[in-house]
Amino acid sequence: MVSAPTSTGELRAAGPGKRLGWLLPWLFLTPALTIYGIVVVYPMVYSAYLSFFKWDGVSPTKQFVGLQNYLTLLLNDPVFWIALRNNAIWLVASLLLPTSIGLGLAVLLNQKFRSSHIFRSVFYFPAILSLAIVGLIWNWIYLPDIGLINQILGALGLTGLQHNWLSDPNFALYAVMLAATWNATGLPMLLYLAGLQTINPEVLEAAKVDGAGPMRRFFSITFPLLRETTLIVLAITAINSLKVYDIIYAMTYGGPANQTQVLSTWMYFMTYNYNSVGQGTAIAVILFLLTLIFAVPYVRIMGRS
Amino acid sequence: MSSASISTREHRERTLLVFFYVALTLTAVIWFAPIVMLVFTALKSAGDFAIHGALAIPESIAWANFSDAWETGVKDYFWNSVIIASIKVPLGVVIEAMAAFALTHIPFRWANKIFILILLGLIVPIQMALVPLTIVMNALNLIDTRTGLTLLYLGFGVPFGVLIMRGFFRTIPTELIEAAKIDGCSYGRIFLQIALPLALPAVLSLCILDGVATWNEFILAQIFLRSDELRTLPLGLVNFSTQFSTEYNQLAAAVLISLVPVIIVFLFFQRYFVSGMAGAVK
Amino acid sequence: MNPIKSLLPLVLAAAFLGGSAIPNANAQAPEGLPKPPEGKVTVKFWAIATQPWKEIIAEFNKVYPNIDIKWTRYSTDELKQALRVASASGKMPDMWFNWGGSLASPYIEGGHALEITPELAAKYGLDKNISPVALDLAKHNGKLYGVPIWVRPMTIFYKKSLFDKNGIPEPKTFADLEKAMETLKSKGITPIAVGGKFSWMTMRTTDFLIEHFAGPETHDKLFALEASYNSPEVVQAFAKLKEWVDKGYFNDGFISIDPNQALPMLFQDKAGMIFQGPWIEGENIIKSKLDPNDYVAIIAPADQTPIRVSGFQEQLQISSKSPPEVQQAALLFAAYISQPGVANKLANVIGTPRAVLGMEPPADRPIATKMAKWIGGEAKLYLPTDQALPQELVNAFFQAQDSVILGTMTPEAAAASIQKAVEAYKAANK
C-alpha cells in the first residue's frame, strides 16, 4: 500500500529528479490527462451548460431558458418518468442477476477440475460480443414466428406461453434484460474468480475437516472474504447499468410506445429525433447526478489508500 | 466421529457436487445455444432458416455465405477496425500505465484528487458528450478522421485503464521502489524496468478488455466517421443488417467473421486474465 | 523524352480545333445548361446507401469528367443524424439528400441550404423541368431550397396473384378495403404487413385513416395546427386503427418488427398488402428478381374528394457555405439529371417517379408508370405526419398512435394527448 505524502519535503529527500521533483508526476500524467480533459471533461461541462438553453442543434442561435428544461422534464414529460422507472428496474436487476450468477459460476469454476477452462470460456464468451451483435442475436431469438423461444415453446406444446416478447410492453424490458444478463454475467464471474484466488485454500480445508458443509463454508468463510470484490462488482455493475443504451436501442428502439426507454436512449431521442438539445442535455445532467450517488461510496473507497 | 458417518457425509457432499456439475453442464449448453444457433444460421442456405427453424442443423453447408459476406462489405470495414484497434490499445495502455504509476508511486499532493477526477469519467454517459464533442472535434478538424476517432477512444478509455493499472501498481511493495530510488534510478527507469514488467498480467488483461471494447465500439464511430473508406466493422454490420434484413444467413456469416479476431485475442490471452484482474479487486 | 512534352502540342491542337484530346469530354454537352466550372471540382455528397447514385454519377461524369462527386452512404436514420451533427459543428457536406417538410426546415432556417432563387432556377432550367407538384411539396414559405429529384406517393400495394387466387377484387372503396382484409384474414393471410419498430411505417396507415375520417381540408388544418387533434374524426381514426389491430389485420407483434421485414412477407405470400412507396419497385422487387406487375399500387381509398394520396418529395440540397465553383458543380449535377432526355435515359437506374416534367416512365416499370399518372394530375399529394408536423410534435403523435395499438391509451385519450402537446408547442413558440 502506498500512502501519498503531503509534503514535498519528503520528495526532496528522495533521489531521482530532485530539481524537477514537482514536475515529474505531471510529466507522467500529462498525456492521459490532456486527452481525457479534451474528450471527456470539457464536453461534460459544456453539456451541463447547454442544458440551460433551448436549441435545436442546427440553428446558429440558442435561447437561454434557465431551469425550464429541467422543469419540463420533471413536470410535463411522462416518458422521462417511464425512463427513470426503467432505469431503476434495470439497476435492481443488474445488481441481483449477473452478479449472483457470476458469483455462483465463479465458485463452481474455481474448483480445479479438468474442464474448468472450457466452462470458463463458454460462460465468458457472450461478454466479448458487442451489444449490437447481442441485440441482433436475441432479436432473432425473440421473433414471433421463427424465433428460437417461441419455436421451443411450441415444440414443448406450450403454445399458450408464446408471446410477442418484444412488442408486449409488459415483457419487452425483461426480454431485453435477459439478453443483457447473458452478456453481462461474464465480467462479474471473472472478477470473482480473481477475488477467489486471494482466499487461502487452507482456511477452507480446515473448515471442511471441522465438518462444515459446502454451503456453510461458502456463507461463513468465502463470501465474507470476498467483500471487497463484491463491492467493486456492485459498483461497476451499478455504474454500467445506469448507462445502459446500446442493447435497448438495438432491440426495441425504446419502444413499443416508448415503454422501454431509459434515460440514455431518451436523451438521444430528445437530441437527435426531436430537435431538443437543451432537454437532452438536461436528462444527461440528471443521469450523471444519479450515477454520482452510487459512485460516491465506490470512489471514496478506491480513493482512500 | 465414526468413519461410517464421515463417509456418508462425504458421500452426500459428493452427490451434491455431482448434481451441481450436471446442472453446470446443462446451463452451459443452454448458455451457448444462441451461439450455436448463430453458427448454424451462418452455414445455412437462404431458404433453410425460414423453413426449418432456428436450431435445426443445416441441410447443406453454405460456405459461400462467408465469402459473400466478406466481399459485399465486411472486408472494407474489417481492416479499418484492425488499424484503429492496433493503434489505440497499446497507446492507451501506455498512457494509462504512466498516469497510474504517477498516482501510486510518485508522491505528490494532488494524486488523490486527480484520481477522483479520472474516476468520475466512468460515470459520464457518452450520449451526454456527443453534441459538445462534435463542436470540439470540428474545431480541431478531426471529424471523419481515424486520428479523431482514436483520440476519442483514448479519452474515454482513460478512467477504466487507470483504474486497473493503479490497482495492480498498488500491489508492488514500496520497499522495492524505495530500494531502486536509493540506488539512484530515475522514476522513468523504475517505471519501465520494474513496475511495467511486474504488471504484465494487468497490462495484458487491459489489452484484451480494451481491445474488445474498441473493436465493438459503435456509437462514436457512427457519429464521427463519415466516409465509407473509414467505417469500422460495427457500422458495417449495422449497414449490412439494413440491406440484408431477412437474409439471416448472410448476416450471421458477417457477424461470425467479425468475431474471429476477438476470439483469437481472447483465447490467446485468457490465461492472464484472472491474475490480471486480481489487482482491480484488491 | 518527357511524354507530357510530346503530347502537349497534340492537346493544344485538339483544343484549338474545338475538341478535346480527352475522349468523350463534352460529347453531348446538353443545351440550356451553364458551362461547368474550370478545372477539377470535388463535391462532397451525402445520400442514402440503397439509392443508385453510383450509376447516376457515372453517367454524369461521361459528360462532366472533371467534376468529382464523392458519395458517402448512409442509412435513413444515420443520414438524419449525420446532417444534424454536421450542422452543429458547421461541417455540412456540399450537397445532401433530404426529405421535405419539417425534416428539411431546420437546415433551411439555420441558413445551411442554398436558396434556389427564380433566377438560379431559370439559369439551370429547373423552372422548366421540375414538375409543379414537386416544387409545391418542396417549397418552404414560398421559396425553394433544393432541387426535387423524386416524388414519392405512399400508398397501398397489394399482391395481385394472392388476391386473384383468393377471389378478392381490387379495393376501390374503404368498404372494399375492409372486406378484402377480412377475406385475407379468414384465409390465414396477414392483411397488412407492417414493421412498426420506428413508428413511421405504422404512421402511413394512421395518416390514411385520418384522411378518411377527417377529409382533406381538415387534415391540412390539423397539420397547420389550426384544427384541434382532439376531435371526433381523429378519435374515429384511432378507434379504427385499434379495431384493425384487434381483428388481427396486421402481422403479429408488428410494433417491434423492423420495417425491412415487412415487404418480404408479401414476397412469401404471408401477407396481402402493405403501405409502401415506389422505391420498392427498383430497390426490392426487381432486385429480388420478382415481377413488379404482381405488386399493384392503388390510391388508398379514403372515399374523399379531392382524391389525395400521401406523398413527399426528396430533394438535393446544396450548402450555402460551399465555395461558388462547388455550388455550381452541384447545381449542374442536379440540373443535368433533371433534364428530360437524361432523365429518360436514367429512368431505370434512378427509379421513378421523378420530379421531372415530360418524362415517359419506362415500360417495364408499371408501378412508376401508374404513379407518374397520379402525380401528373390524377391525385393530389399531402405530406406524411412526420414531415408535416414539427419534429417535437411527431413524438406525441407516435406515442399516441403506438399507445392506442398497445391498448394503453383509449382513442379519446390519444387524440387529447396530441392536442395537449400541440398547445404546449404553440405556447413555447409564440
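What share of the contacts in chain C with a separation of 6 or more comes from residues 24 or more positions apart? Keep that in mind for the first exercise; the model is a predicted one.

**Exercise 1. Work out how chain C is built overall.**

Step 1: take the contacts. Residues 24 or more positions apart account for 78% of the chain C contacts with a separation of 6 or more.

Step 2: list the elements. You should find 19 helices and nine strands in chain C. The radius of gyration is 24 Å, close to the 22 Å that the globule rule gives for 430 residues, so chain C is as compact as a globular protein of that length.

Step 3: check extent and burial. The C-alpha trace of chain C spans about 85 × 55 × 35 Å along its principal axes, and 58% of the 430 residues are buried.

Step 4: look at the surface. Chain C has about 17,200 Å² of accessible surface, with 55% belonging to carbon and sulfur atoms. As for charge, there are 43 positive and 44 negative side chains, and the centres of those two sets lie 5 Å apart.

**Exercise 2. Do the same for chain A, and decide whether it is spread out or compact.**

Step 1: count again. Chain A has 15 helices and two strands. Its radius of gyration is 24 Å, well over the 19 Å that the globule rule gives for 305 residues, so chain A is more spread out than a compact globule.

Step 2: add the dimensions. Along the principal axes, the C-alpha trace of chain A covers about 70 × 60 × 30 Å.

Step 3: turn to burial and contacts. Of the 305 residues in chain A, 56% are buried. Among chain A contacts with a separation of 6 or more, 63% come from residues 24 or more positions apart.

Step 4: finish with the surface. Chain A exposes about 13,300 Å², and carbon and sulfur atoms supply 66% of that. Its 16 positive and 10 negative side chains form two sets whose centres lie 11 Å apart.

**Exercise 3. Find the residues at the heart of the largest nonpolar core's contact network, and follow one of them.**

Step 1: rank the members by how many others they touch. In this core of 142 residues, Trp53(C), Trp244(C) and Phe333(C) touch the most other members. The helix that gives the most to this core is H14 of chain C (residues 324-337), with 10 residues.

Step 2: pick Phe333(C) and skip anything up to four places away in sequence. What's left is Trp53(C), Ile56(C), Ile57(C), Phe60(C), Ile69(C), Met95(C) and Leu316(C).

Step 3: look for a separate core. There is another one, of 108 residues, which includes Leu91(A), Ile106(B), Ile219(B) and Leu220(B).

**Exercise 4. Is helix H4 of chain C mostly covered or uncovered, and what does it pack against?**

Step 1: go through residues 101-109. Seven of the nine are buried, so H4(C) is mostly covered. The buried ones are Ser102(C), Leu103(C), Ala104(C), Ser105(C), Pro106(C), Tyr107(C) and Ile108(C).

Step 2: name the partners. In chain C, these buried residues pack against helices H3 (76-89), H17 (385-388) and H18 (391-406), plus strands E3 (95-98) and E8 (308-318).

Step 3: see how the helix is followed. Just after H4(C) comes Gly111(C), with a positive phi of about 80°.

**Exercise 5. Hunt down the unusual backbone spots in the loops.**

Step 1: check omega. The bond joining Gly255(A) and Pro256(A) is a cis peptide, with omega about -10°. Pro256(A) lies in the loop between helix H13 (246-251) and helix H14 (263-273) of chain A. Another cis bond runs from Thr305(C) to Pro306(C), with omega near -5°; Pro306(C) is in the loop between strand E7 (295-298) and E8 of chain C.

Step 2: check phi in residues other than glycine. Ala257(A) has a positive phi near 50° and is in the loop between H13 and H14 of chain A. Leu225(C) has a positive phi of about 60°, and you'll find Leu225(C) in the loop between helix H10 (200-223) and helix H11 (232-246) of chain C.

Step 3: decide on burial, where the cut-off is under 20% relative accessible area. Ala257(A) has a relative accessible area of 3%, so Ala257(A) is buried. Leu225(C), with 12%, is buried too.

How values were computed
Residues numbered from 1 in each chain as written. Chains lettered and ligands numbered in written order. Heavy atoms only, no water. Helix = DSSP H or I, 4+ residues; strand = E, 2+ residues; numbered from the N terminus. Rg over C-alpha atoms; globule rule 2.2 N^0.38 Å. Buried < 20%, exposed > 50% of the residue type's maximum accessible area, 1.4 Å probe, protein only. Contact = heavy atoms within 4.5 Å. Areas by Shrake-Rupley, 256 points an atom, 1.4 Å probe, with all protein chains shown as cover. Lys, Arg positive; Asp, Glu negative; His and termini not counted. Charge placed at Lys NZ, Arg CZ, Asp CG, Glu CD. Core = buried A, V, L, I, M, F, W, Y, C linked by side-chain atoms within 4.5 Å.
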